[in-house]
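This briefing introduces the structure below to a reader who has not seen it before. It starts with one residue and its contacts, then moves on to the wider fold.

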Amino acid sequence: SQPTVQIDLNEAMLNFVKIATSEADPTAADALAGIENVRLRVYEEVDDVDEYLGFIDDTSGALEREGWQRVVYVEDDDSKVRIYMRFNDDSVASGLTVMVADGDRGAVLVNVAGTIDPQKLGQVMRSVGAGEFMNRISGGIPGAAGTALDAESTDQQLR
């Protein structure tokens, strides 16, 4: 499958966005501080569900072997949600990977590299509309839907 949404923001592009938005929306510009790279892929349909679910399992194993910490693990039939974080020596988050699959209904892959402030991460996710899409795609996954991905309650949880 080809992604229906593909976002690739390297450090130069993120700096450009920070400068471009700093006057009009200082909060959005501040939310990107410390972030070096953002990649987002959204697939409205998955051609080979078993292959994609295998990819999630393989990637999860590789991340764990490299010292990433599993934060969320949800599995139900052909639906999976995995969220991993990497921390540097002083317990500061330096990476985030999100993998969501809902059978043939769609999939989301997110990777964020750089120093990650949880409150700022919520702002970034809301600004790109990720919370709304994650709620829609994860609606059929037990334990994955609900207010945790809702913009307003995410903001309250991060405070």
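Two residues are in contact when heavy atoms of theirs lie within 4.5 Å. By that rule, and setting aside neighbours within four places in sequence, Ser 94 is in contact with Arg 86, Phe 87, Asn 88, Val 112, Ala 113, Gly 114 and Ile 116. The model is predicted, and its protein chain has 159 residues, of which 38% are buried.

**Overall make-up**

- The protein chain holds 6 helices and 6 strands.
- Read from the N terminus, the order of these elements is β-α-α-β-α-β-β-β-β-α-α-α.
- Of the contacts between residues at least 6 apart in sequence, 57% link residues at least 24 apart.
- About 9000 Å² of the protein chain is exposed, and 48% of this area comes from carbon and sulfur atoms.

**Confidence**

- The protein chain has a mean pLDDT of 79, with 76% of its residues at 70 or more.
- Strand β1 (residues 5-9) has the highest confidence, at 93, while helix α6 (residues 151-158) has the lowest, at a mean of 39.
- Residues 140-159 have a pLDDT below 50, and this stretch makes 37 contacts in the model beyond near neighbours in sequence.
- Where pLDDT is low, the predicted coordinates should not be read in detail.

**Ser 94 and strand β5**

- Ser 94 lies in strand β5, which covers residues 93-102.
- Is Ser 94 buried or exposed? The relative accessible area of Ser 94 is 15%, which is under the 20% limit, so Ser 94 counts as buried.
- β5 pairs with β4 in the antiparallel sense, through 9 bridges.
- Within that pairing, Met 85 has Leu 96 of β5 as its bridge partner.
- The hairpin of β4 and β5 has 5 residues between the strands, and Ser 91 in its turn has a positive phi of about 65 degrees.

**Strand β6 and its partners**

- Strand β6 spans residues 107-114, and 7 of its 8 residues are buried, so the strand is largely enclosed by the rest of the structure.
- β6 pairs with β5 in the antiparallel sense over 7 bridges, and Met 99 stands opposite Leu 109 of β6.
- In the hairpin of β5 and β6, 4 residues lie between the strands, and Gly 103 takes a positive phi near 60 degrees.
- β6 also pairs with strand β2 (residues 35-43), again in the antiparallel sense, over 8 bridges.
- Val 112 in β6 is the bridge partner of Val 38, and Val 112 is also among the contacts of Ser 94.

**Strands β3 and β4**

- Strand β3 (residues 69-76) pairs with β4 in the antiparallel sense over 7 bridges.
- Arg 70 has Tyr 84 of β4 as its bridge partner, and Val 74 stands opposite Val 81 in β4.
- β3 and β4 form a hairpin with 2 residues between them, where Asp 77 in the turn has a positive phi of about 55 degrees.

**Helix α3**

- The 17 residues of α3 should span 24 Å at 1.5 Å a residue, and the end C-alpha atoms are indeed 24 Å apart.
- Which residues of α3 are buried? They are Val 49, Tyr 52, Leu 53, Ile 56, Ser 60 and Leu 63.
- Viewed down the axis of α3, these buried residues fall within an arc of 100 degrees, so they line one face of the helix.
- On the other side of α3, the exposed residues are Asp 50, Glu 51, Asp 58 and Arg 65.
- The cover over the buried residues of α3 includes β4 (79-87), β5 and β6.

**Ile 56 in its surroundings**

- Ile 56 belongs to helix α3, which runs over residues 49-65.
- The relative accessibility of Ile 56 is 0%, so Ile 56 counts as buried.
- Not counting residues up to four places away in sequence, Ile 56 touches Lys 80, Arg 82, Met 99 and Ala 101.
- One of these, Met 99, is the residue that stands opposite Leu 109 in β6.
- Ile 56 and Val 98 are 42 residues apart along the chain, and 9.9 Å separates their C-alpha atoms.

Note on methods
Residues are numbered from 1 along each chain as its sequence is written. This is a predicted model: local features need pLDDT of at least 70, side-chain atom pairs count only at pLDDT 80 or more; totals for chains, interfaces and linings use all residues. Side-chain values use heavy atoms; hydrogens and water are left out. Buried means under 20% relative accessible area, exposed over 50%, partly exposed in between (1.4 Å probe, protein chains only). Two strands pair if DSSP finds at least two bridges between them. pLDDT is the predictor's confidence in each residue, from 0 to 100. Accessible areas come from the Shrake-Rupley method with a 1.4 Å probe; for residues, only the protein chains shown count as cover. The expected span of a helix is 1.5 Å times one less than its number of residues. The arc is that of the directions from the helix axis to the C-beta atoms.
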